[in-house]
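Biologist: Please give me a close look at a single part of this structure, the charged side chains that pair with one another, and then carry the description on into the surroundings. I would like one connected account rather than a list.

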Amino acid sequence: MAEVTAAPTTRKTQTVLGTGSAPGKIIVLGEHAVVYGQPALAAALDRGVRVVVEKDEEGPRLRAPRWGVVAPLSGEEGSAPLSVALERVRAAVAPELTQVALVAEDRLPLGAGLGSSAALTVASARALAAAAGRELTVDRLTEVVHAAEQVFHGNPSGVDQATVVRGGVIQFQRSPGGTPSIRPVNAARPIPVVVALERPHVGTKEAVEGLRRRRDRHPRTLDLLLGELGALCTEGTAAVEKGDLVTLGELMDLAHGILSALGVSSSDLDGLVQFARSQGALGAKLTGAGVGGAMIALTDGDPDRARQLVLAFRARGASAFACELG
Ligand code: PMV
């Protein structure tokens, strides 16, 4: 059985065969509802994951010094999800490369709902393709990454992968049994947000399954709420296209209320959202799977006020950073 172990502190300089990178992502509106066919509005972050493929006689394996991880890539039953997911990527993109290490560096917190797993798999696929001297089309990359993400997410909607693969701001919607609709969104102005992190979330798979169980028990109410999240996303996309941050903030507040009612927030996330509003944010909500993880606060675009909000979050003990989406 493959195990994830702590990284050794020293390593020899190795031959670099290829590199690849990919951004993290933020779901602005529509998380969870997107699993049930509603639209979601998502944007790539200005930070992500970089992977270097190096020669490694003990490969194939992942080395991620910042996470303190060395993990053999393995499809064997019982292997760690990270090992299985990256082995799927390697086998699909560059099966002939066995004595290699994927060395990952990131500027993204793990397990926070900021797309770290999709960014890692996309960056790995790009680095392996470069190492093998192979072209990867967007469609092929999406397919490979979707297969890998199934290890982490069970039945992912595909919004994370689509955003991380394409970058920019997109509106994503699943279509029953078919190709999802992915529409690039032309933001009239960048969307200024402060991202604050609570402790790692319970896991996307667990959060999605918890909601599915609640929906089985209360289908009428939950379908109504999920449909409302979809409607808020459609209005929010129009607000982004117009550059109307005030309306977008109001829609984010409404979406957070619904996500709380759906049971995917947490008292800590609710606290951060309330705090952001009390500090003058135009709106605030959880982002991603919830039940821990990250929240976003929309600011008015003034960098000084965004910095003040970051400092205010940090003074409360939450880690936070400011960024502009789109
Ligand atoms: O992996 P996260 O935390 O970004 O959540 C993914 C978004 C969900 O809508 C909760 C799940 C999905 O597959 O779309």
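Modeller: Let me begin with the pair formed by Arg 140 and Glu 143, whose side chains make a salt bridge with the closest N and O atoms 3.1 Å apart. The model is a predicted one, and what follows should be read in that light. Both partners of this pair belong to helix H3, residues 138-153, where they are three residues apart, about one turn of the helix. Arg 140 has a relative accessible area of 32% and is therefore partly exposed, since that value falls between the 20% below which a residue is buried and the 50% above which it is exposed.

In the whole structure, a search finds 18 salt bridges. Side chains of opposite charge can pair when their charged atoms come close. A second example is the salt bridge between Arg 47 and Asp 46, with a distance of 3.2 Å from N to O. The two partners fall into separate classes of accessibility: Arg 47, with a relative accessible area of 16%, is buried, whereas Asp 46, with 46%, is partly exposed. A third example joins Arg 63 to Glu 54, the closest N and O atoms here being 2.7 Å apart, and in this pair Arg 63 and Glu 54 are both buried. Arg 63 and Glu 54 also belong to a network of salt bridges that links them with Asp 56, Glu 58 and Arg 61.

Helix H3 leads on to a neighbouring helix, H4, because H3 is among the elements that cover the buried residues of H4. The other elements included in that cover are strands E1 (16-29), E2 (40-55), E6 (169-173) and E7 (181-184), together with helix H2 (116-132). Helix H4 spans residues 159-166, and seven of its eight residues are buried, so this helix is largely enclosed by the rest of the structure. The buried residues are Val 159, Asp 160, Gln 161, Ala 162, Thr 163, Val 164 and Val 165. Just after H4, Gly 167 adopts a positive phi of about 75 degrees.

Asp 160, one of those buried residues of H4, brings us to the ligand, for a polar side-chain atom of Asp 160 lies 3.2 Å from an oxygen atom of the ligand. The ligand is surrounded by 17 residues, of which the closest are Lys 25, His 32, Ser 157, Thr 204 and Ala 289. From the side chain of Ser 157, an N or O atom is 2.5 Å from a ligand oxygen, and for the side chain of Thr 204 the corresponding distance to an oxygen atom of the ligand is 2.9 Å.

Elsewhere in the model there is an open sheet of four strands, in the order E9-E10-E8-E11, with antiparallel pairing. Strands E9 and E11 (319-325) stand at the edges, each with a single partner strand, and so one side of each has no neighbour in the sheet. From one strand to the next the twist averages 25 degrees.

Within this sheet, strand E10 (residues 294-298) pairs with E8 (residues 191-197) in the antiparallel sense over five bridges, and Met 295 of E10 is the bridge partner of Ala 196. Five bridges also join E10 to strand E9 (residues 283-287), again running antiparallel, and here Ala 294 of E10 is the bridge partner of Thr 287. The hairpin of E9 and E10 has six residues between its strands, and Gly 288 in that hairpin takes a positive phi near 90 degrees. On the other pairing of E8, seven bridges connect E8 with E11 in the antiparallel sense, with Glu 324 of E11 as the bridge partner of Pro 192.

In a regular strand the side chains alternate between the two faces of the sheet. In E10 both faces are covered, with Ala 294, Ile 296 and Leu 298 buried on one side and Met 295 and Ala 297 buried on the other. Helix H7 (residues 245-261) lies across E8, E9 and E10, and runs at about 45 degrees to E9.

A last position to consider is Gly 227, located in helix H6 (residues 219-242). Gly 227 counts as partly exposed, at 23% relative accessibility. Its C-alpha atom is separated by 6.8 Å from that of Gln 38, although Gly 227 and Gln 38 are 189 residues apart along the chain.

Note on methods
Residues numbered from 1 in each chain as written. Predicted model: local features only at pLDDT ≥ 70, side-chain atom pairs only at ≥ 80, totals over all residues. Heavy atoms only, no water. Buried < 20%, exposed > 50% of the residue type's maximum accessible area, 1.4 Å probe, protein only. Helix = DSSP H or I, 4+ residues; strand = E, 2+ residues; numbered from the N terminus. Pairing = 2+ DSSP bridges. Salt bridge = Lys/Arg side-chain N within 4 Å of Asp/Glu carboxyl O. Axes fitted to C-alpha atoms, helices over the stretch in contact; angles between N-to-C directions. Contact = heavy atoms within 4.5 Å. Near = heavy atom within 4 Å. Polar contact = N/O pair within 3.5 Å; in protein donor to acceptor, adjacent residues only side chain to side chain.
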